[in-house]
2 protein chains.
Amino acid sequence: MSADAVTVEVGLGTRSYDILIGPGLIGRAGEEIARRLPGIRAAIVSDENVAAHHLGALSESLSRSGIESTSIMLPAGEKTKNFDALQQVVDGILAARLERGDAVIALGGGVIGDLAGFAAGIVRRGMNFVQMPTSLLAQVDSSVGGKTGINTAHGKNLVGVFHQPRLVLADTGALDTLPAREFRAGYAEVAKYGLIDRPDFFAWLEKNWQEVFDGGPARTEAIAQSCSAKAEVVARDEFETGDRALLNLGHTFGHALEAATGYDGARLVHGEGVAIGMALAHRFSARLNLASHDDAARVEAHLTAVGLPWRMADIPGPLPDAERLLGYIAQDKKVSRGALTFILTHGVGQSFIARDVPASEVLSFLRENHPG
Amino acid sequence: MSADAVTVEVGLGTRSYDILIGPGLIGRAGEEIARRLPGIRAAIVSDENVAAHHLGALSESLSRSGIESTSIMLPAGEKTKNFDALQQVVDGILAARLERGDAVIALGGGVIGDLAGFAAGIVRRGMNFVQMPTSLLAQVDSSVGGKTGINTAHGKNLVGVFHQPRLVLADTGALDTLPAREFRAGYAEVAKYGLIDRPDFFAWLEKNWQEVFDGGPARTEAIAQSCSAKAEVVARDEFETGDRALLNLGHTFGHALEAATGYDGARLVHGEGVAIGMALAHRFSARLNLASHDDAARVEAHLTAVGLPWRMADIPGPLPDAERLLGYIAQDKKVSRGALTFILTHGVGQSFIARDVPASEVLSFLRENHPG
Ligand SMILES: NC(=O)c1ccc[n+]([C@@H]2O[C@H](COP(=O)([O-])OP(=O)(O)OC[C@H]3O[C@@H](n4cnc5c(N)ncnc54)[C@H](O)[C@@H]3O)[C@@H](O)[C@H]2O)c1
Ligand SMILES: NC(=O)c1ccc[n+]([C@@H]2O[C@H](COP(=O)([O-])OP(=O)(O)OC[C@H]3O[C@@H](n4cnc5c(N)ncnc54)[C@H](O)[C@@H]3O)[C@@H](O)[C@H]2O)c1
Ligand SMILES: [Zn+2]
Ligand SMILES: [Zn+2]
């Protein structure tokens with residue numbers, strides 16, 4: 001089995017850690033964790049969907065390696081990323097009398113990873129944390145880099161800590177039980193890494209995306225490429241004071257659309273918002289004469305091929321008008337002291353941070369592309 | 001005014017910061033903050049007791065320096081260090097639309113400092129934070145070193161983050177409005193630094209404690225000595241993986257007594273528990289032939305002189321029996337995997353971390369010293 005696994009290192013000095021990617025990792029999580037964190041006990045945090053498929057295998061693997069564990073179960077879905085659930089996880093960890101050297105294990109998608117990581121970051125001012133991402137989005141994005149957090153009435157992910165995991169185990173086989181729509185949404189983040197600064201990877205995806213969806217070595221390869229792309233940015237800018245903002249390609253428009261649809265997953269899930277956001281970021285860059293319209297068309301074509309939405313018109317139901325969409329953008333946390341910051345691009349794999357983008361330009365662009 | 005202020009630096013590389021100590025600092029907080037954090041807005045977190053005396057002066061000083069501020073008010077007392085209050089502070093900061101570069105200012109004792117610091121550490125994954133401690137305990141202990149947190153049903157300070165302030169302003173004049181009992185309790189922590197590893201400072205306190213209580217240069221001097229002692233330990237061990245545990249001198253017994261009295265401040269406040277705990281730690285060390293009984297008597301004499309309790313018998317009301325007190329000690333977070341860890345001493349200013357102290361020795365000692 002181990003022959004199939006690929007390792008990507010996140011280089012953060014004394015806080016460096018490995019990401020293991022491959023099939024069957026849930027079944028041998030016990031050995032991998034016990035080797036790195038000998039003698040610990042653990043609390044597994046998961047949601048009902050994921051637990052139904054994978055919790056049994058994980059608990060057994062842990063106990064085979066002598067790791068006693070307790071599990072803390074939460075309802076699935078973005079709504080779980082709130083203060084009450086945080087308190088519930090913290091309480092579960094403390095009730096199990098875990099100490100600082102013990103581990104919190106997140107088994108689930110980005111919601112569980114963000115929430116469990118936050119809890120691990122604050123119980124006893126920081127416990128060991130292991131990410132076991134089970135959604136594609138979590139495997140390529142949220143489980144890497146140490147950002148954790150919850151949502152509040154004031155916005156998403158506004159409260160949290162930077163708390164790096166000690167180990168990430170991305171079982172690519174776990175993705176077989178992931179709903180197809182969730183897989184596709186996560187794929188938007190995979191494509192994102194190509195669009196940010198890896199044009200060869202984007203070209204490879206244009207050829208091999210079907211195998212990535214089907215599973216097997218191409219899937220592992222795509223996830224490993226994505227993790228290494230993210231790890232590189234994170235190592236350069238752990239606390240997001242500069243470059244890390246590049247990872248927000250597609251997210252300024254995307255977040256605005258998520259907010260505009262009331263975070264209703266039936267209409268738009270995060271990765272779909274990112275897909276539309278990336279297409280818009282390329283088209284907007286072309287409109288500002290920064291990139292070519294051909295590049296924008298190429299991005300749109302690939303999103304179409306994999307079945308992702310790329311236009312605002314692809315979102316079912318009515319959208320607020322352009323003015324109101326701009327309002328959502330201005331509320332986004334990437335707005336610093338009134339200036340609009342966007343990730344724009346000079347073409348596929350050539351994105352950059354643009355500060356002081358005039359709101360008027362954004363508004364006209366939104367008007368032109370508004371379906372209503 | 002500035003002639004009276006003493007500066008102590010906490011050396012933590014890029015996160016180093018100054019502690020300014022002296023009278024009148026609330027009145028010139030605006031300049032001191034604006035000089036270091038130009039262009040910011042602020043949220044002041046305080047409690048009703050402190051606000052009644054000092055909030056007006058702080059707000060005016062900030063606004064004179066062009067710092068727009070909002071204030072978030074909480075009930076006074078240890079009970080405020082909970083999840084609900086944390087959420088309230090977080091919410092207040094977000095409602096004021098503060099960004100990462102803006103500041104949370106804690107104006108109050110250790111309760112407000114711990115709570116506001118925790119909130120500052122998690123809003124937007126870490127905002128600027130300024131400590132303005134107004135109790136003696138907060139000026140010499142809780143405001144220095146970056147530990148923040150709240151209490152839960154499972155114990156005190158079990159949840160929080162390390163989040164260093166950008167600046168500490170300890171207005172020694174603010175202590176004039178502090179109830180005498182609170183001042184005395186905070187003084188236990190001052191004496192603690194002498195007992196840990198500064199025998200000359202302890203001797204100086206034996207001579208000058210009355211002036212420290214009265215105010216003036218000796219007070220500033222004692223606070224500065226205390227801050228520099230704490231800063232030294234913190235610089236050596238920011239995340240409490242080793243030496244920082246020395247700061248717990250007197251706290252293992254002290255915490256057990258606080259728990260045993262149900263955290264009822266009418267019976268015992270934290271510093272009083274620490275005073276009794278320090279006396280017990282010295283007497284226990286003498287009993288184990290590690291220190292002399294003369295040293296223990298010297299500590300007891302000084303605590304008596306300043307009016308602090310030093311025996312279990314000094315606590316009004318009945319105490320649980322020795323077995324149950326040991327139970328509280330074993331629950332304390334300084335117990336690692338069943339072994340009892342204590343800060344013991346070879347004499348005044350010669351404390352050390354003792355791991356694997358046999359529970360049976362502790363039990364006989366508690367029995368001998370139990371008033372019941
Ligand atoms: N921390 C970061 O750096 C970061 C980065 C990007 C996104 N995020 C966060 O990640 C979250 C989105 O992550 P997500 O898309 O994984 O959401 P999610 O955790 O809600 O998972 C999506 C759905 O798939 C289910 N699921 C997950 N794995 C499964 C499996 N193997 N089999 C069956 N069902 C499975 C979940 O129960 C859920 O219903 C958002 O909250 C976002 O803010 C965080
Ligand atoms: N973070 C750390 O490293 C650390 C270290 C030691 C203690 N602590 C924490 O500190 C807390 C105890 O601190 P504390 O003793 O300051 O408690 P506190 O904040 O409750 O203050 C004590 C009382 O004095 C009042 N007060 C404070 N300043 C005043 C002033 N200038 N005038 C009038 N009244 C004033 C307060 O309203 C309160 O009623 C505990 O929660 C403890 O866990 C933290
Ligand atoms: Zn994303
Ligand atoms: Zn103390």
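**View 1. The shell around ligand 2 in this predicted model.** Welcome to the binding site: 26 residues surround ligand 2, and the closest are B:Asp47, B:Glu78, B:Gly110, B:Ser135 and B:Thr177. A residue is near a molecule if one of its heavy atoms lies within 4 Å of it. By residue class, the shell holds 7 nonpolar, 10 polar and 9 charged residues (Ala, Val, Leu, Ile, Met, Phe, Trp, Tyr, Cys and Pro are nonpolar; Asp, Glu, Lys and Arg are charged; the others, Gly among them, are polar).

**View 2. Polar contacts of ligand 2 (pairs of N or O atoms within 3.5 Å).** The side chain of B:Asn49 places an N or O atom 3.0 Å from an oxygen atom of ligand 2. A polar backbone atom of B:Val111 is 3.0 Å from an oxygen atom of the ligand. For the side chain of B:Asn157, the distance from an N or O atom to a ligand 2 oxygen is 3.2 Å.

**View 3. Cover and surrounding elements of ligand 2.** On its own, ligand 2 has 860 Å² of accessible area, and the protein covers 90% of this (Shrake-Rupley method, 1.4 Å probe). Helices H2 (48-64), H4 (110-122) and H5 (136-142) and strand E8 (155-159) of chain B each give two or more residues to the shell. H2(B) supplies the largest share, 4 residues. Helices (H or I, at least four residues) and strands (E, at least two) are DSSP runs, numbered from the N terminus.

**Notes.** Residues are numbered from 1 along each chain as its sequence is written, with chains lettered from A and ligands numbered from 1 in the order written. Local features need pLDDT of at least 70, side-chain atom pairs count only at pLDDT 80 or more, and totals for chains, interfaces and linings use all residues, while side-chain values use heavy atoms, leaving out hydrogens and water.

Key: Polar contact = N/O pair within 3.5 Å; in protein donor to acceptor, adjacent residues only side chain to side chain.
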